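Hi everyone, thanks for making time this morning. I'd like to walk you through one model, starting with strand pairing and then turning to a pocket. Here it is on the screen.

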Amino acid sequence: ADVLETEREVVVLLALPGVSPDRVEAAIEDGELVVSGVRVLPPELRDALIYRLELPQGRFERRLPLPPGRYSGVEREFVYGCLQVRLRKMV
């Protein structure tokens, strides 16, 4: 995960290959960005023989400490296999 801060916002990038955007949630809890979701194999591959599986399957949760401050909300989008979360700073 990458956490970057500009004058107006904090941007967090998380690599989530194979994760459907509708299976990811992002929220701020106690000064941390909490990203959780589920990665599942496509239905047509569930009975396949697995020779190598490096991407963990199932539920995941990641907690990332945020820079001190207040944020106006969580905006998220998927960009090139990464979840991009933008947190606008409140002044």
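Let's begin with E6 and strand E7, residues 82-89: the two run antiparallel, and seven bridges join them. If you'd like one pair to look for, take arginine 76, whose bridge partner in E7 is valine 85. Please keep in mind that this is a predicted model.

Now zoom out a little. Where does that pair sit? E7 and E6 belong to an open sheet of four strands, in the order E1-E2-E7-E6, and the pairing is antiparallel. At the edges you'll find strand E1, residues 2-5, and strand E6, residues 71-79, each pairing on one side only. On average, neighbouring strands of this sheet are turned by 15° against each other, with direction ignored.

On to the pocket. How much space lies in the largest pocket? About 210 Å³. Its lining includes Ala1, Leu14, Ala15 and Leu16, along with Val35 and Arg39. Pro56, Gln57, Gly58, Arg59, Phe60 and Arg62 also line this pocket.

Which elements give two or more residues to that lining? They are strand E2 (9-15), strand E4 (32-39) and strand E5 (58-65). E5 gives the most, with four residues. So much for location; as for chemistry, the lining residues divide into seven nonpolar, two polar and three charged.

One last link between the two halves of this talk: E2, a strand of the open sheet, is also one of the elements lining the largest pocket. Thanks, and I'm happy to rotate the view for anyone!

Key:
Residues are numbered from 1 along each chain as its sequence is written. This is a predicted model: local features need pLDDT of at least 70, side-chain atom pairs count only at pLDDT 80 or more; totals for chains, interfaces and linings use all residues. Side-chain values use heavy atoms; hydrogens and water are left out. Two strands pair if DSSP finds at least two bridges between them. Axes are lines fitted to C-alpha atoms, for helices over the stretch in contact, and angles run from 0 to 180 degrees between N-to-C directions. On a 1 Å grid over the protein atoms alone, a cavity is a set of points where a 1.4 Å probe fits but cannot get out, and a pocket is an open set with protein on both sides within 12 Å along at least five of seven lines; lining residues have an atom within 4 Å of a point. Grid points are joined across faces, edges and corners, and a volume is the space filled by probe spheres set on the points. Ala, Val, Leu, Ile, Met, Phe, Trp, Tyr, Cys and Pro count as nonpolar, Asp, Glu, Lys and Arg as charged, and the others, Gly among them, as polar.
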